[in-house]
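Biologist: Hi! I'm new to this one, can you show me around?
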Amino acid sequence: MYEGLKILLGGIVADAASRPLHWIYSPKKLKSYIKGKKDIAFFKENKCPFYSVPLGKNSGYGDMAQVMFQTIITSRKKSEIHNNFKKNIVKFFGPRSNYWKNLKERKKYKKIKWKRALRGEWLHQNTLETIQNIKAKKRVTGGTKVTETDGFAGAISFYFLVSKEDKEIKKIIRTVANSHKNVLYALARLKIIDLASEGEKNPIQKFIKLNKKNKYFREVVKDIKKVLKLKNQNHTDVTRMLGKACSDKGNFQSSIHCIITSSNYEPAIIKTIKSGGCNCSRAFFVGSYFSALKNRNIPLDWIKKTTHAKKILEYL
């Protein structure tokens with residue numbers, strides 16, 4: 001359990017560290033914000049153009065992971081977790097929540113010229129669809145319109161604290177994000193982190209070796225090999241080329257590039273933040289990965305700044 005909690009903590013902290021500079025897609029603007037600044041992580045002023053929450057709070061990715069963690073520790077038995085997870089998603093993100101109260105304004109962002117950040121949380125598309133599907137009593141509730149990483153965030157606690165069985169993990173992922181691509185890349189992330197936690201010297205290469213003949217992961221292996229060829233190139237440039245947005249496969253590939261060009265937790269997260277776009281989702285994966293490696297510690301002052309870290313620390 002300790003290892004799983006450390007992995008979750010690594011993702012939650014990395015997401016919170018990136019949050020004030022989340023979703024900045026203009027390299028020029030991002031450079032102007034961080035120029036001459038010593039502290040990039042937990043940036044003191046919110047510069048995210050879409051939403052603003054207090055320093056130390058998480059994005060919708062970190063919050064989804066936290067909802068599953070809370071579900072696990074409050075469920076009396078394993079068989080209750082799936083249904084309780086759905087109930088808690090509605091409770092945390094749905095009507096009467098902080099996320100829901102901004103929904104009317106948040107829905108306008110593609111229809112109007114966006115001028116200022118919302119005060120409060122931003123409800124993700126997958127999460128919105130999930131709530132609608134839960135209320136409609138659909139058997140599989142995850143969103144289908146986007147290929148973003150909410151399913152991975154929702155599944156990471158379950159994978160490392162409850163079960164690593166593919167069938168069970170896929171069910172959890174599809175509760176939040178219900179498409180082949182959502183499940184494929186979420187599962188790949190989890191298995192790479194797992195290899196890191198098992199002490200593999202090179203988890204990325206080990207994943208390729210284990211899955212080079214696996215038809216299910218054929219596309220993922222191909223994607224990773226493409227990234228390996230770009231190892232000597234600047235990470236920000238590679239992220240711009242492969243994808244800095246929320247969606248897979250670009251999000252996954254950019255995260256892999258950060259992993260193979262970084263040696264430990266803190267510089268990897270700083271590098272992710274500086275590359276812009278949906279850095280919170282990438283940081284969540286990268287932070288989880290580096291916290292799984294032996295002797296790759298999360299900075300203590302970062303943990304202290306992360307609101308959700310307190311609850312995880314109670315169980316460590």
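Modeller: Sure, and one term first: rings of Phe, Tyr and Trp (its six-membered ring) pair if their centres lie within 6.5 Å, with planes under 30 degrees apart called stacked, over 60 edge-to-face and the rest tilted. This is a predicted model, where local features need pLDDT of at least 70, side-chain atom pairs count only at pLDDT 80 or more, and totals for chains, interfaces and linings use all residues. Residues are numbered from 1 along each chain as its sequence is written, and side-chain values use heavy atoms, leaving out hydrogens and water.

Biologist: How many aromatic pairs does the structure hold?
Modeller: There are 20. In one of them, W23 and Y51 sit edge-to-face, 5.4 Å centre to centre with 70 degrees between the planes.

Biologist: Where in the chain are W23 and Y51?
Modeller: In distant parts, 28 residues apart: W23 is in the loop between helix 1 (2–18) and helix 2 (27–34), and Y51 is in strand 1 (residues 51–52). Helices (H or I, at least four residues) and strands (E, at least two) are DSSP runs numbered from the N terminus.

Biologist: Is W23 buried or exposed?
Modeller: Buried, at 8% relative accessible area, and Y51 is buried too, at 2%. The cut-offs are under 20% for buried, over 50% for exposed and partly exposed in between (1.4 Å probe, protein chains only).

Biologist: What about W114 and W122?
Modeller: W114 and W122 are edge-to-face as well, 5.5 Å centre to centre at 75 degrees. W122 is buried, with 6% relative accessible area. Ring pairs join W23, F50, Y51, W114 and W122 into a cluster.

Biologist: New topic: which residues of helix 4 are buried?
Modeller: I81, H82, N84, F85, K86, I89, V90 and F93.
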